[in-house]
Amino acid sequence: MNLLDMIKDAGIIGAGGAGFPTHAKLASKAEYILMNGAECEPLLRVDQQLMAMYPEEIIKGFEAAGKLAGAQQAIIGIKGKHKEVIAILRDKIQALQLGEYVAVKELPDVYPAGDEQVLVYELTGRIVPEAGIPIHVGCVVVNSETALNIYKAIQGKPVTEKYITVAGDIPNRLTVKVPVGTPVMDVLKLSGIENFDDYAVIDGGPMMGPVMANLNGFVTKKSKGYVILKKQHHLIRRKTVKTEQARRINRATCEQCRMCTDLCPRYLLGHNMQPHKMMRTLAYSLKDMEEQKIAYLCCQCNLCELFACPAGLYPKSANMMVKQSLMEQNLRFQAKPKEYAVRTARAYRLLPSKRLVARLGLKDFDKPAPVTELELRPETVQIAVCQHVGAPAVPAVKAGDRVTEGQLIGTVPEGSLGAPIHASISGTVLETENGFIAIRRD
Ligand code: SF4
Ligand code: SF4
């Protein structure tokens with residue numbers, strides 16, 4: 001079996017959050033393969049620890065992915081502040097005699113260093129065009145946990161586990177490996193909190209992750225962390241504002257200072273994303289559709305909304321409102337060929353992570369979350385058939401079947417983009433309906 005098929009059969013998807021099937025990415029031919037080890041979301045601690053714990057496996061998986069994509073160079077992007085991890089990686093690259101091919105480049109400790117387009121620029125100096133993806137400038141980007149999963153796929157092991165950081169206003173901050181499909185509540189209780197009545201949980205990082213509407217969900221292959229905060233925490237209040245309320249506040253208060261635009265990482269890369277114009281569009285019900293289409297250029301990093309705006313308004317939400325309305329009218333952004341250059345002020349307008357953490361009110365919680373040896377053994381797992389970009393997996397088992405860990409339980413529909421799913425524990429299939437395959441441990 002060739003490597004691309006191994007990666008596909010192992011059900012590997014981007015472990016960094018988006019969940020794009022990795023085999024589809026690596027089917028492209030690229031000049032550079034880049035590893036995203038930036039982990040720029042405050043409080044999350046998965047990638048930096050995995051790179052220290054499994055350098056050989058990650059480097060080998062990364063190298064194999066690079067060769068598969070025909071890349072001439074493989075570059076690991078990691079923040080310069082992780083000096084020990086960088087030394088481990090460089091030593092290992094030398095020991096494996098891969099120095100000609102794999103390099104480590106240090107990233108500034110800014111948000112959002114891990115945005116794919118920011119990463120591509122920082123590592124190669126290339127600018128992904130508006131509404132484009134890294135392959136448009138000859139780059140493929142994989143996350144460090146994805147590289148580890150590629151290594152495991154070569155050993156014949158599919159994706160059945162996920163590393164997750166549990167962080168926030170809690171007694172026990174930790175990072176833990178759990179079976180895919182584990183009840184989220186089992187993971188949350190590792191925090192040392194039993195009763196969550198007074199708490200809200202962000203699914204992912206504090207900048208881009210949504211506040212979970214309920215805590216009855218299940219871990220997926222793209223879960224990365226849970227940030228637990230008191231319900232009255234400023235960040236939770238900001239993130240749970242209702243759309244109508246945000247619209248009303250936006251209309252009443254925007255002073256058009258354009259701080260949201262001046263600090264927008266996509267604008268700074270030379271794109272035409274200008275959230276202050278979306279605020280204006282909504283405030284004055286402007287009808288210029290061409291002007292509004294730039295709303296498609298937003299990567300939803302939330303920097304404008306949670307840091308830049310001095311009035312505490314909701315420019316990212318304004319983008320989303322405009323985009324929604326454009327989508328309803330079937331109006332799309334059409335990129336025009338042009339030369340891109342970063343804005344000259346970019347170097348002075350990068351947002352240091354420390355300032356961001358302070359502004360978010362997370363300084364007291366910005367602490368290590370070490371990987372624990374603790375093993376979670378859930379009695380039942382619920383494995384979502386759709387936890388990736390593309391078509392849902394089709395169940396290959398039925399209620400009552402016995403399955404063993406690693407067994408294929410859901411396949412990709414013929415001719416579709418998607419990723420298969422595998423049993424994360426050995427046991428009996430309870431049901432295959434309602435978007436999940438449930439397995440009870442023997
Ligand atoms: S949304 Fe905020 S930052 Fe943007 S222009 Fe209005 S007041 Fe200024
Ligand atoms: S969320 Fe705001 S800062 Fe981020 S890309 Fe969109 S407009 Fe720019």
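## Surroundings of ligand 1

Eight nonpolar, two polar and two charged residues make up the shell around ligand 1 in this structure, which is a predicted model. The residues of this shell include a run from Cys 254 through Glu 255, Gln 256, Cys 257, Arg 258 and Met 259 to Cys 260, and the others around ligand 1 are His 276, Met 279, Cys 309, Pro 310 and Leu 313. The elements that contribute two or more residues to the shell around ligand 1 are helix α11, residues 259–263, and helix α13, residues 275–283.

## Surroundings of ligand 2

Ligand 2 is surrounded by 13 residues, of which the closest are Cys 264, Cys 298, Cys 301, Cys 304 and Asn 319. Two or more residues of this shell come from each of α15 and α16, the latter spanning residues 315–328. By class, the shell around ligand 2 divides into nine nonpolar residues, three polar residues and one charged residue.

## Domains

The protein is divided into four parts, in which domain 1 covers 3–154, domain 2 joins the two segments 160–233 and 361–378, domain 3 covers 243–343 and domain 4 covers 379–442. The centres of domain 3 and domain 4, taken over C-alpha atoms, are separated by 40 Å.

## Nonpolar cores

The largest nonpolar core holds 39 residues, and those with the most contacts inside it are Leu 34, Tyr 111, Leu 229 and Leu 362. Helix α15, which runs over residues 303–308, supplies the largest share of this core, namely four residues. Another core, of 38 residues, lies apart from it and has among its members Ala 30, Phe 62, Val 85 and Tyr 163.

When neighbours within four places in sequence are left aside, Leu 229 is in contact with Gly 168, Asp 169, Asp 198, Tyr 199, Ala 200 and Ile 202. Further contacts of Leu 229, under that restriction, are Leu 235, Ile 236, Leu 362 and Phe 365.

## Strand β9 and its partners

Strand β9, residues 225–230, is mostly covered, with five of its six residues buried. On the parallel side of its pairing, β9 is joined over four bridges to strand β6, residues 161–168, and here Ala 167 has Val 227 of β9 as its bridge partner. Strand β8, residues 199–203, pairs with β9 in the antiparallel sense over five bridges, and Tyr 199 stands opposite Lys 230 in β9.

## A four-stranded open sheet

Four strands in the order β11-β17-β16-β13 form an open sheet with antiparallel pairing. Its edge strands, each of which pairs on one side only, are β11, residues 380–384, and β13, residues 402–403. The antiparallel pairing of β13 with strand β16, residues 427–431, extends over two bridges, and Val 403 is found opposite Gly 427 in β16.

## Asp 9

Asp 9 belongs to helix α1, which spans residues 3–9. Is Asp 9 buried, exposed or partly exposed? Asp 9 counts as partly exposed because its relative accessible area is 40%, and this value lies between the limits of under 20% for buried and over 50% for exposed.

If residues up to four places away in sequence are not counted, Asp 9 touches Met 1, Pro 420 and His 422. Asp 9 and Ala 153 are 144 residues apart in sequence, while their C-alpha atoms are 8.3 Å apart in space.

Notes:
Residues numbered from 1 in each chain as written. Chains lettered and ligands numbered in written order. Predicted model: local features only at pLDDT ≥ 70, side-chain atom pairs only at ≥ 80, totals over all residues. Heavy atoms only, no water. Near = heavy atom within 4 Å. Nonpolar A, V, L, I, M, F, W, Y, C, P; charged D, E, K, R; others polar. Core = buried A, V, L, I, M, F, W, Y, C linked by side-chain atoms within 4.5 Å. Buried < 20%, exposed > 50% of the residue type's maximum accessible area, 1.4 Å probe, protein only. Contact = heavy atoms within 4.5 Å. Domains from an automatic or database assignment. Pairing = 2+ DSSP bridges.
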